Amino acid sequence: MQFKEHLQYRAARLLAALPGPIQVALSGAPPVELDGQRLAPSQQLSLSLLNRLADSAMEMDPQQTRLERRRLASLYGGPPPRVASVKDLAIGTIPARHYAPPQTGTPERRPLLVFFHGGGFVFGDLETHDSLCRLLCRSSGSHVLAVDYRLAPENPFPAAVEDARAALAWAHEHAQELGADPARVGVGGDSAGGNLSAVVSQLATHDSGPAPALQLLIYPATDMSTRRRSRDLFSEGFFLTDPEMKWFEASYLGPLSGTDAVLDPRVSPMLGDDLSGLPPAIVITAGFDPLRDEGEDYARALQAAGTPVLLRRYEGFIHGFVSGSGVSRQLREAVLEIGAMAGGAFALTGTPAPLQALA
């Protein structure tokens, strides 16, 4: 972290520790209440800071966007949490990073979570999600294999899907070499990475497999074909904007943008022909996220098809909240809770879990 970023990080941590009313006052706006929810004061202040610090992805070329988001990740991710070991490796031509969890008690093979980062399929890499992967590794007690899949617009759909599918197959084949349990290999990701996790769960279940043991879907994009209420409610002012979502979609689909490609289940997993027999799912949504409703609809569709689902909405949070754990204790606790859910689900692989009621 450079000196300027270090100062910004320290300032962000101090602001995040202030009482809620002061955070709201510093945001320059009254408390935000919408759809029966109140925006968390720390999130309201973060939004006001992001509006000053960050440029819209659409205003930059992809390379600039990637550098900017890496800078923000370094700022909001904070110092990297400790894990037992970290090793960069390659899955064919796909860069990846393996995080090993600390061992406690009798040595045993732990589960392995294959993680696909978010970023609208346009940005994100091993660095932007390093802190998140470390926290998930620690809190879930699982190995984590982060996958640096090909990005759009240089590599449009289905390149990311092909890389994600290849990574899952590789993880099953090499789990023992990583010190993990080959019978408990799951997939997970945030936003675009949640989309890829849902997609490869369907593909691996219905092709030669083996299917993942768990899918961890953090505010996943599940349906590009239908506009839901949350996308209209939170289309502006809550970090992920409607124009950006349209830009991400066009960048990802490339030459197929504007066609029926949005109906392909590899783009919109909600539209899968058969959602039965899929791995147990943990679906995480944020209350002030345009993607909220499609994530929750997908959880309900999985449940209706007989798939065990645990659904958790973080009401006062915005899209991208898992990337802010380095500056906010509240967000860090949320990530630790998500990791604990994954660890518990891995331990109960094969045991149905109920769909939790929304708060």
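**Notebook: burial, salt bridges and backbone**

I began with Glu296, which is buried at a relative accessible area of 2%. I take buried as under 20% relative accessible area, exposed as over 50% and partly exposed as in between, with a 1.4 Å probe and protein chains only. The model is predicted, and I note that local features need pLDDT of at least 70, that side-chain atom pairs count only at pLDDT 80 or more, and that totals for chains, interfaces and linings use all residues. Residues are numbered from 1 along each chain as its sequence is written, and side-chain values use heavy atoms, with hydrogens and water left out.

**Entry 1: the partner of Glu296**

I looked up the salt bridge of Glu296, taking the term to mean a side-chain nitrogen of Lys or Arg within 4 Å of a carboxyl oxygen of Asp or Glu. Glu296 pairs with Arg313, with 2.8 Å between the closest N and O atoms. Arg313 belongs to strand β10 (residues 309–318) and Glu296 to helix α10, so the salt bridge ties together parts 17 residues apart in sequence. I use DSSP runs numbered from the N terminus, with helices as H or I of at least four residues and strands as E of at least two. Arg313 is also buried, at a relative accessible area of 12%.

I then turned to Gly295, also placed in helix α10. Gly295 counts as buried because its relative accessibility is 0%. Its C-alpha atom is 9.4 Å from that of Gly194, although the two residues are 101 residues apart along the chain.

**Entry 2: further salt bridges**

I recorded 27 salt bridges in the structure. One of them joins Arg228 and Asp297, whose closest N and O atoms are 2.7 Å apart. This pair links distant parts of the chain, 69 residues apart: Arg228 is in the loop between β8 (215–218) and α8 (229–233), and Asp297 is in helix α10 (residues 292–304). Arg228 counts as buried at 15% relative accessibility, whereas Asp297 counts as partly exposed at 29%.

I next examined Arg231 and Asp242, whose side chains form a salt bridge with an N to O distance of 2.7 Å. Arg231 lies in helix α8 and Asp242 in helix α9 (residues 242–253), so this contact ties together parts 11 residues apart in sequence. I find Arg231 buried at a relative accessible area of 11%, and Asp242 buried at 8% relative accessibility.

**Entry 3: cysteines**

I searched for disulfides, defined as a pair of cysteine sulfur atoms within 2.5 Å, and counted 0. Cys133 is in no disulfide, and its nearest cysteine sulfur, that of Cys137, is 8.9 Å away. Cys137 is likewise in no disulfide, with the sulfur of Cys133 as its nearest cysteine sulfur. Cys133 counts as buried at 0% relative accessibility, and Cys137 is buried with a relative accessible area of 0%.

**Entry 4: backbone**

I noted a cis peptide bond between Ala152 and Pro153, with omega about 5°. Pro153 sits in the loop between β6 (143–147) and α6 (159–174). A cis peptide bond also joins Gly209 and Pro210, with omega about -5°. Pro210 is in the loop between α7 (192–206) and β8.

I also looked up positive phi values in residues other than glycine. Phe121 has phi near 70° and is placed in the loop between β5 (110–116) and α5 (130–140). Phe121 is buried, with a relative accessible area of 4%. Ser191 has phi near 60° and lies in the loop between β7 (180–190) and α7. I find Ser191 buried, with a relative accessible area of 10%.

**Entry 5: surface charge**

I closed with a surface patch of positive charge, where Arg10, Arg13, Arg138, Arg329 and Arg332 gather. The elements giving two or more residues to this positive patch are α1 (3–16) and α11 (329–347). A patch is made of residues with over 30% relative accessible area and no salt bridge; like charges are joined within 9 Å, and nonpolar side chains (Val, Leu, Ile, Met, Phe, Trp, Tyr) within 5 Å. Accessible areas come from the Shrake-Rupley method with a 1.4 Å probe, and for residues only the protein chains shown count as cover. Lys and Arg count as positive and Asp and Glu as negative, while His and the chain ends are not counted. The place of a charge is taken as NZ of Lys, CZ of Arg, CG of Asp or CD of Glu. Arg13 is found in helix α1 and counts as partly exposed at 43% relative accessibility.
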